[in-house]
Amino acid sequence: MLNPEPAGHGQAKVPAEEPGRRLLQRRFTARLLPQLRLLVEECAAREGLNEPRRGEFVLAVDEIAGNAVEHAGGSGRLVLQRVGDELECRISDAGPGFSETVIPELLPGLDGAPKGRGLWLARLVADRFAVAPGTDPAGPRGAVVTVAVRLP
């Protein structure tokens, strides 16, 4: 599963506006993360995503959602959809925002630090990964993280 090149780099991008078949849409807080993880796993299984890819995808989604809760105001919004031959999850938040450049290329935490691995891991296991600024009627705010895997 480890690619010589970080996932999402140098690969074709799916346009943000491409319509998909919506499978799940939920707002979440820390209390709802376990339920959200289960719902994402059920949807992924229904769409035919097999193990071990399903577990990797669910873990990536869980890490991104957990980051939204921890670093972006305690809540977020998840949209899971099928876009072509991919299962795509977009997680948005209303935090301070960030860019993909903050994600290290190499495994973070080798110095013993327990944090900083979630987005790195999500990008590693994804077939497509992107970070974009969020939108708010008052102007840019938050972030939208997209993680997608190809379906068999």
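User: How many bridges join β3 to β5?

Analyst: Keep in mind that we're looking at a predicted model here. β3 and β5 run antiparallel to each other. One of the pairings puts C89 with V147, its bridge partner in β5. The number of bridges joining β3 to β5 is 7.

User: And which residue in β3 does V83 stand opposite?

Analyst: β2 and β3 run antiparallel, with 7 bridges joining them. They form a hairpin with 2 residues between them, and G84 in that turn has a positive phi of about 60°. The β3 residue standing opposite V83 is E86.

User: How many of the 7 residues in β3 are buried?

Analyst: β3 covers residues 86-92, and E88 counts as buried at 1% relative accessibility. The strand as a whole is mostly covered. Its number of buried residues is 5.

User: Is T146 buried or exposed?

Analyst: T146 lies in strand β5. Leaving out residues up to four places away in sequence, T146 touches E88, C89, R90, R128, F129 and A130. Its relative accessible area is 8%, and anything under 20% falls in the buried class, so T146 is buried.

User: Which residue forms a salt bridge with R128?

Analyst: R128 is in strand β4 (residues 128-133), and its partner sits in strand β3, 40 residues apart from it in the chain. R128 is buried, with a relative accessible area of 6%. The closest N and O atoms of the pair are 2.8 Å apart, and the partner is E88.

User: How far apart are the closest N and O atoms of E47 and R21?

Analyst: These two link distant parts of the chain: E47 is in the loop between α1 (33-46) and α2 (53-71), while R21 is in strand β1 (residues 21-29). E47 is buried, with a relative accessible area of 13%, whereas R21 is partly exposed at 44%. They form a salt bridge, and the closest N and O atoms are apart by 2.6 Å.

User: In the salt bridge between E100 and R123, which residue is buried?

Analyst: The closest N and O atoms of this pair are 3.9 Å apart. E100 is in the loop between β3 and α3 (118-125), and R123 is in helix α3, 23 residues apart. At 22% relative accessibility, E100 counts as partly exposed. With a relative accessible area of 3%, the buried one is R123.

User: How many salt bridges does the count come to?

Analyst: The pair of R128 and E88 is one of them. Some share partners, and in that way R53, E56, D127 and R150 are joined into one network. The count of salt bridges comes to 12.

User: Which element gives the most residues to the largest nonpolar core?

Analyst: In soluble globular proteins, nonpolar side chains tend to be buried together. Here the largest nonpolar core has 34 residues, and those touching the most other members include F57, L80 and F129. The elements that give two or more residues are β1, α1, α2, β2 (75-83), β3, α3, β4 and β5 (143-150). With 8 residues, the one giving the most is α2.

User: F28 is in that core too, so which residue of β3 is it in contact with?

Analyst: F28 is among the core residues that touch the most other members. Leaving aside neighbours within four places in sequence, its contacts include L33, L36, A65, V69 and L78. Strand β3 spans residues 86-92, and the contact of F28 that falls in that range is I91.

Conventions
Residues are numbered from 1 along each chain as its sequence is written. This is a predicted model: local features need pLDDT of at least 70, side-chain atom pairs count only at pLDDT 80 or more; totals for chains, interfaces and linings use all residues. Side-chain values use heavy atoms; hydrogens and water are left out. A salt bridge is a side-chain nitrogen of Lys or Arg within 4 Å of a carboxyl oxygen of Asp or Glu. Helices (H or I, at least four residues) and strands (E, at least two) are DSSP runs, numbered from the N terminus. Buried means under 20% relative accessible area, exposed over 50%, partly exposed in between (1.4 Å probe, protein chains only). A nonpolar core is a set of buried Ala, Val, Leu, Ile, Met, Phe, Trp, Tyr and Cys residues joined through side-chain atoms within 4.5 Å. Contact means heavy atoms within 4.5 Å. Two strands pair if DSSP finds at least two bridges between them.
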